[in-house]
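This briefing introduces a structure to a reader who has not met it before. The topics are the surroundings of the ligand, the packing of some helices, and some backbone details in loops.

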Amino acid sequence: MTLYDLVEPGLVCRSNDPAEPRYRIAEIREADPLGADALLAAVPAMNHAADVPALTVALRALVPEPARLARWGVVECLAAMRDLGLLLGSLKRHGTEPVAAVPEVGPVLRELGRRTDMVPRDTVHHYTTWNPLGARRRSYTATDMERHLQDAVRMVFPSLVAALDSCAEVARLEPYDPGFAPALDRTAQHVQSVVDSIDFTVANVTPEFFARVLRPYFEEIDVDGRDYLGPAAAQVPLWLVDLTLWQSDRSDPAYDAFLDESLPYSLPAWRAFHAAHRGSVSAVGKVSAALSWESAHRLPPQLTASALSLARVLRLLKTFRARHIGIARKAYHDDLRLYDNGSGGAPVALLRTVLDLTRDNETLVRRALPHADVSAPRTPAA
Ligand code: HEM
C-alpha cells in the first residue's frame, strides 16, 4: 500500500462547500491548460544542469495569451499557476529573477492571482495538493525525497479542511455545552495528520537533502516590486487550529507577525475564517475562565470532559511541534544551512516560540486535571 492509498480517501471534504473550485482536487490535478506536461517533465534535467537559458525559454513558451487565459475557470487558473510556478522557483534557484528574465509572465501571474483570489505566485497548495500524481507529477528534482516531502504536506490538507468545521464549532460553543468536547476530539483526529506527516518526513527526508537540494527552490521571487515566498510547508494552515484553541487571545507578537505574513498564501475560505475569529475568546480562554469559577474538587463532569479534550488536542500540537523542530534545527544548523530563514520567511527561533506557547497552554489546562490521563486518545464522536 502506498502513502497515496492511505491519504486519498480523506479528500472527501465533509460539510465544506463541495462547489468550492479549490476543493475540486482531482479536476485541478487533471488539468493541463498550458499543455505543459512534456515540458515540465524535462525541468528536473534542466535544474540538474543549471541550464538557465533552457528554463527561461521554457517559461516564455508557457506564458498564455490573454484571450486564452480569459476563457479559463478557476480550476484551469490554479493548474496554470502551478505549472508556471515550477519554472519560477527553478529559475530563482539558479540566481535568476524569473519575472525580470521573462517580463511577459508578470501580467499573467497578476491575473491568475486575481482570478483565483490568491497571491500572484504558486503556493504550497499548488505544489502539493493540486499537483498531479504519477508520471505527470511536477517536481524540481524528480527525486524520491522531494516526492516524499510533497506527499507529507499533501496528506494534511484534507484534515485541515475538515478542521475548519470542527474548529468553527469549538468557537461557537462554551465548555459547558455537550458538543464542546466532541468538537475538540474531532479536531484532535484532524491534528493527528500533522503528527503522522512529520513522522513520515523524518523517516524519509534527510535534513541534508532539504537544506542543500530542495530549500533553494523555495526562495522568494519579485513580482511588481514585492517579494512573494515560495511553496513553503510553513504555509500549511495549522494556525487555524491554534487560532481557535489559544492564539486568538493568548499569542505572542512574533507568532502574530508570522501569521500576518503567512495568511495571504492560504485559501480564501481560510482567510475568512481567520478574519472571523481573530481577537475572539479562544478555547483555552473559555475553559480557564470556567475553571476559575468552579471548585477544583467538584468540577461539573461536562467541564472536566471539555478540559480533558482540550488538553489532548494541545498535546498533539505540542508533539507535532517538538518533532518538527528537531528536523528544522538539523536542516538549519550552522554547518548545513544555506539560508538564515525558513522558506516561510521565519527563523527556527520562531518554532521555539510557538512550541513554548503551545506547551504553556497545554500545561495550563492539564494542571486543572491533575488525575486525568491526557495521553489516552478519545474516540471522536461522528
Ligand atoms: C525537512 C522538513 C522540514 C523543515 C526543515 C521545516 C522547517 C521549518 C521552519 C524553519 C519553519 C519556520 C518558518 C519558516 O519556514 O520560515 C517551519 C514552519 C512550519 N512548518 Fe516546517 N519544516 C519541514 C517540514 C514540515 C512538514 C512536513 C510540515 C507539515 C505538514 C511542516 C509544517 C510547518 C508549519 C505548520 C510551520 C509553521 C510553524 C508552526 O505551526 O509550528 N513543516 N518549518
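The model described here is a predicted one. In it, 30 residues surround the ligand, and α19 gives the largest share of that shell, with 5 residues. The helix α19 also packs with α13, the two axes coming within 9 Å, and α13 in turn packs with α12.

**Around the ligand**

- Of the 30 residues that surround the ligand, the closest are A233, A234, A331, G342 and G344.
- The elements that contribute two or more residues to this shell are α11 (144–154), α13 (180–204), α19 (301–331) and α20 (348–367), and the largest share, 5 residues, comes from α19.
- By class, the shell around the ligand holds 21 nonpolar residues, 8 polar residues and 1 charged residue.

**Packing of α13 with α19**

- The axes of α13 and α19 come within 9 Å and cross at roughly 15 degrees; because angles under 35 degrees count as roughly parallel, the helices α13 and α19 are described as roughly parallel to each other.
- The crossing in which α13 passes α19 is left-handed, and the residues of this contact divide into 16 nonpolar, 7 polar and 4 charged.

**Packing of α12 with α13**

- Helix α12 (residues 157–172) packs with α13 at an angle of about 160 degrees, the axes being 9 Å apart; because angles over 145 degrees count as roughly antiparallel, α12 and α13 are described as roughly antiparallel to each other.
- The crossing in which α12 passes α13 is left-handed.
- On the side of α12 the contact is made by S159, L160, A162, A163, S166, C167, E169 and V170, while α13 brings F180, A183, L184, R186, T187, H190 and S193.
- Sorted by class, the contact of α12 with α13 has 8 nonpolar, 5 polar and 2 charged residues.

**Positive phi values in loops**

- A50, which lies in the loop between α4 (43–48) and α5 (52–62), has a positive phi near 50 degrees although it is a residue other than glycine.
- A50 counts as exposed because it has 12 C-beta neighbours inside 10 Å, and a residue with 12 or fewer is classed in that way.
- D117, placed in the loop between α9 (105–116) and α10 (124–127), is not a glycine either, and its phi is positive at about 55 degrees.
- D117 has 13 C-beta neighbours inside 10 Å and therefore counts as partly exposed.

Definitions and conventions:
Residues are numbered from 1 along each chain as its sequence is written. This is a predicted model: local features need pLDDT of at least 70, side-chain atom pairs count only at pLDDT 80 or more; totals for chains, interfaces and linings use all residues. A residue is near a molecule or strand if its C-beta atom, placed from the backbone, lies within 6 Å of it. Helices (H or I, at least four residues) and strands (E, at least two) are DSSP runs, numbered from the N terminus. Ala, Val, Leu, Ile, Met, Phe, Trp, Tyr, Cys and Pro count as nonpolar, Asp, Glu, Lys and Arg as charged, and the others, Gly among them, as polar. A residue is buried if 20 or more other C-beta atoms lie within 10 Å of its own, exposed if 12 or fewer, and partly exposed in between; C-beta atoms are placed from the backbone. Axes are lines fitted to C-alpha atoms, for helices over the stretch in contact, and angles run from 0 to 180 degrees between N-to-C directions. Angles under 35 degrees count as roughly parallel, over 145 as roughly antiparallel, 65 to 115 as roughly perpendicular and the rest as oblique. A crossing is left-handed if the near helix is turned anticlockwise from the far one by less than a right angle, and right-handed if clockwise. Two residues are in contact if their C-beta atoms, placed from the backbone, lie within 7 Å.
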